[in-house]
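Colleague: Could you take a close look at one part of this protein for me, the second largest pocket, and then tell me about the whole chain around it? I'm new to this, so plain words please.

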Amino acid sequence: WNVPGRGVAALWEALIGGSHPGQPQPDRRSCCWPETHHYGVFDHLATNIIGAQHDGHTVHPYQLSEENPVKQHRAVSARLLLPGDGDAAAKALVAEVLKQ
């Protein structure tokens, strides 16, 4: 995204369309090596799926820092829980899509 989490909604419409996402996560520094020269809160998971829930994330350490990787981002992993079989609204939506 190359913007802090609060800036994702402004880009969402132009890039993806539809309703804006919930609060993107993680919203913490993930860029760039070396941190003495760079600063960025850029790497997020964002979704506008109704009923989806953020269920944690990890901002991993820089990789291969001994090789002086200029402008390397930290790897980010995030867990997203999607509406499941027991969700009546999700079932109705899937049924409607399958009719098409």
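Modeller: Sure! Of the 100 residues of the protein, 24% count as buried. Keep in mind that what you see is a predicted model.

Now to the part you asked about. The second largest pocket has a volume of about 170 Å³. It is lined by 13 residues, and if you want to find its centre in the viewer, look for Gly22, Gln23, Thr47, Ala52 and Leu80, which are the closest ones to it. What sort of residues make up that lining? Sorted by class, you get six nonpolar and seven polar residues, with no charged ones. Gly counts as polar in this sorting, so Gly22, one of the residues closest to the centre, goes in the polar group.

Let's zoom out to the chain around the pocket. You can pick out two helices and four strands. Walk along the sequence and they come in the order α-β-β-β-β-α, with a helix at either end of the pattern. Why call this protein more spread out than a compact globule? Its radius of gyration is 17 Å, while the globule rule gives 13 Å for 100 residues, so the protein's value is well over the rule. The C-alpha trace fits that picture, spanning about 55 × 25 × 20 Å along its principal axes.

Then there's how the chain meets itself. Take the contacts between residues at least 6 apart in sequence: 52% of them join residues at least 24 apart. As for the outside, the accessible surface comes to about 6900 Å², and carbon and sulfur atoms account for 55% of that.

Notes
Residues are numbered from 1 along each chain as its sequence is written. This is a predicted model: local features need pLDDT of at least 70, side-chain atom pairs count only at pLDDT 80 or more; totals for chains, interfaces and linings use all residues. Side-chain values use heavy atoms; hydrogens and water are left out. On a 1 Å grid over the protein atoms alone, a cavity is a set of points where a 1.4 Å probe fits but cannot get out, and a pocket is an open set with protein on both sides within 12 Å along at least five of seven lines; lining residues have an atom within 4 Å of a point. Grid points are joined across faces, edges and corners, and a volume is the space filled by probe spheres set on the points. The radius of gyration is taken over C-alpha atoms; the globule rule is 2.2 Å times the number of residues to the power 0.38. Buried means under 20% relative accessible area, exposed over 50%, partly exposed in between (1.4 Å probe, protein chains only). Contact means heavy atoms within 4.5 Å. Accessible areas come from the Shrake-Rupley method with a 1.4 Å probe; for residues, only the protein chains shown count as cover.
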